[in-house]
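Hi,

Here's the structure I said I'd pass along. Have a look at it first, and then read my notes underneath.

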Amino acid sequence: MCYYIDNYGLSNCTALTKVDLGNGSNSNRATLSYRCFQNDTNLTALILRGNEVFVNSGSVFGEYTSDMHGYIYVPQALLSNYKTATNWAGYSSKIRAIEDYPDITGG
């Protein structure tokens, strides 16, 4: 299964607090497009469960990395890949392992 969130697709959704993509089985990959989460000021958890690094087409949270107000949770096995991947590396301090935060991610 693949996911695609278009440019500005979920932007300005101030009621959005958590986005959980992928179920951890098979190849679950997403493309998160330009500023798709811009101005989502209450988004505290973006959970990416796929077994491949999701595509970040750039600036998914806004113009600056500081526009991300919460954390990005990914599988432990992909943690270092995300922290160095194109367009994810700028968020490396906000990328955490899903397995370390079961109370937030459901494990």
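Below is what I found when I went through the strands and how they pair.

One thing before you start: this is a predicted model.

The part to look for is an open sheet built from four strands, and their order across it is 2-4-6-7. The pairing is parallel. At the edges you'll find strand 2, residues 18-21, and strand 7, residues 95-97, each with a partner on one side only. From one strand to the next, the twist averages 20 degrees.

Now let's walk across the sheet, starting at strand 2. Strand 2 is joined to strand 4, which covers residues 45-48, by four bridges, and the two run parallel. If you want a spot to zoom in on, valine 19 sits opposite leucine 46 of strand 4.

Next comes the step from strand 4 to strand 6, residues 71-74. Three bridges hold this parallel pair, and here isoleucine 47 faces tyrosine 73 in strand 6.

That leaves strand 6 and strand 7, which also pair in the parallel sense, over three bridges. In this pair, look for valine 74 with alanine 97 of strand 7 opposite.

So how does the chain get from strand 6 to strand 7? The route goes through helix 1, residues 79-84, making a β-α-β crossover, and that crossover is right-handed. Try tracing the path on screen from strand 6 over helix 1 and into strand 7.

Shout if you get lost anywhere!

Cheers

Definitions and conventions:
Residues numbered from 1 in each chain as written. Predicted model: local features only at pLDDT ≥ 70, side-chain atom pairs only at ≥ 80, totals over all residues. Heavy atoms only, no water. Pairing = 2+ DSSP bridges. Axes fitted to C-alpha atoms, helices over the stretch in contact; angles between N-to-C directions. Right-handed = clockwise from strand over helix to strand, strands pointing away.
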